[in-house]
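Me: I'd like to go through this one with you and ask how each label is earned. Here it is.

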Amino acid sequence: MPDYCFFKKDKQTVVLERPDTDTAARLTEQGYEKQFEEVSAIDENHALARFADIRREKRIDQHNFLAGAIAMPLIGILTAVAIKLFRKK
């Protein structure tokens with residue numbers, strides 16, 4: 001299976017086989033930004049689908065991290081308040 005890399009400009013994503021350096025250079029000159037992700041796939045369509053899955057998983061992970069970062073301090077505050085209330089009695 002060939003390896004594919006991705007170039008993105010605004011909302012447009014272009015899929016290239018990794019050895020295609022001439023097209024990659026041309027896309028970079030046109031303002032496309034090479035993405036970090038590279039995947040092995042049967043064809044360009046499967047590679048693009050995998051790229052979308054990777055990006056979706058990344059957004060979900062960021063959302064879950066932020067949700068935990070907000071929830072944990074709240075749990076700590078509620079625990080401290082509960083302990084304070086029980087100690088007074």
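Reply: Sure. One term to start with: helices here are DSSP runs of H or I, at least four residues long, numbered from the N terminus. Keep in mind that this is a predicted model.

Me: What comes just after helix 1?

Reply: Glycine 31, which takes a positive phi of about 100°.

Me: What makes residues 21-29 count as a helix, and where does it sit in the order of elements?

Reply: A helix needs at least four residues, and helix 1 covers residues 21-29. The elements run β-β-α-β-α from the N terminus, with 2 helices and 3 strands in the protein.

Me: Which residues of helix 1 are called buried, and what does the word ask for?

Reply: Buried means under 20% relative accessible area. Thr23, Ala24 and Leu27 are buried in helix 1. Seen down the helix axis, they fall within an arc of 105°, so they line one face.

Me: What covers them?

Reply: The cover includes strand 1 (3-9) and strand 2 (12-17).

Me: And why are Thr21, Asp22 and Glu29 called exposed?

Reply: Exposed means over 50% relative accessible area, so that's the mark they have to pass. Those three are exposed on the other side of helix 1.

Me: How do you know whether the protein matches a compact globule?

Reply: Set the values side by side: a compact globule of 89 residues would have a radius of gyration near 12 Å, but the protein has 23 Å. It doesn't match. The C-alpha atoms fill a box of roughly 75 × 30 × 15 Å, and buried residues make up 20% of the 89 residues.

Conventions
Residues are numbered from 1 along each chain as its sequence is written. This is a predicted model: local features need pLDDT of at least 70, side-chain atom pairs count only at pLDDT 80 or more; totals for chains, interfaces and linings use all residues. Side-chain values use heavy atoms; hydrogens and water are left out. The radius of gyration is taken over C-alpha atoms; the globule rule is 2.2 Å times the number of residues to the power 0.38. Buried means under 20% relative accessible area, exposed over 50%, partly exposed in between (1.4 Å probe, protein chains only). The arc is that of the directions from the helix axis to the C-beta atoms. Contact means heavy atoms within 4.5 Å.
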